[in-house]
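Visitor: Could you walk me through this structure, with the cut-offs spelled out as we go?

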Amino acid sequence: MKVSEVTLQIVKDSVGFSGNGSDALFQVYMDAALSFITGYTGLTAAEIDTHEDLATAYLCLVGDMFLNRYTTVENDKLNPTVKQILSLYAVNYL
């Protein structure tokens, strides 16, 4: 699956959310996750879609943003799964 194919429903299923009241919030996190991936890797949105495993990192990021949306930070480290996947494609660190 490509990042561009990830729907709001897939994101909700990924985090185990069954309600409808947070659609706008999820969209904010989806946009932020895509921006994070492009910033971290240096890839464009089109280039991101050539690597299907980035959808996993994208879903992890959205899930982390949703589940850890409060101001208190208990863990300020990047999810290890996300870091490993994104580091595979980071062209701006070469």
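What follows is a short conversation about the core, a helix pair and two residues.

Visitor: Happy to start; what kind of model is this, and how are residues numbered?

Guide: This is a predicted model, in which local features need pLDDT of at least 70 and side-chain atom pairs count only at pLDDT 80 or more, while totals for chains, interfaces and linings use all residues. Side-chain values use heavy atoms, with hydrogens and water left out, and residues are numbered from 1 along each chain as its sequence is written.

Visitor: Which helix gives the largest share of the largest nonpolar core?

Guide: A nonpolar core here is a set of buried Ala, Val, Leu, Ile, Met, Phe, Trp, Tyr and Cys residues joined through side-chain atoms within 4.5 Å, where buried means under 20% relative accessible area, exposed over 50% and partly exposed in between (1.4 Å probe, protein chains only). The largest one has 25 residues, and Val11, Leu54, Tyr58, Val62 and Leu86 have the most contacts inside it. Two or more residues each come from helices H1 (8-15), H2 (23-41), H4 (54-67) and H5 (80-89), helices being DSSP runs (H or I, at least four residues) numbered from the N terminus. The largest share, 8 residues, comes from H4.

Visitor: How are H1 and H2 oriented to each other?

Guide: Their axes, lines fitted to C-alpha atoms over the stretch in contact, lie 11 Å apart. The angle between them, taken on a scale from 0 to 180 degrees between N-to-C directions, is about 95°. Because angles of 65 to 115 degrees fall in that class, H1 and H2 are roughly perpendicular.

Visitor: Which residues of H2 make that contact?

Guide: Contact means heavy atoms within 4.5 Å. H1 contributes Leu8, Val11, Lys12 and Val15, and they meet H2 at Asp23, Phe26 and Met30.

Visitor: Is Thr41 buried or exposed?

Guide: Thr41 belongs to helix H2, and its side chain reaches the backbone oxygen of Ile37 at 2.7 Å and the backbone nitrogen of Leu43 at 3.1 Å. Leaving aside neighbours within four places in sequence, Thr41 is in contact with Leu86, Tyr89, Ala90, Val91 and Asn92. Its relative accessibility is 0%, so Thr41 counts as buried.

Visitor: And Ala46, buried or exposed?

Guide: Ala46 sits in helix H3 (residues 45-48). Its C-alpha atom is separated by 30 Å from that of Gly21, 25 residues apart along the chain. Since its relative accessibility is 59%, Ala46 counts as exposed.

Definitions and conventions
A polar contact is a pair of N or O atoms within 3.5 Å; within protein, one must be able to donate a hydrogen and the other to accept it, and residues adjacent in sequence count only if both atoms are side-chain atoms. Angles under 35 degrees count as roughly parallel, over 145 as roughly antiparallel, 65 to 115 as roughly perpendicular and the rest as oblique.
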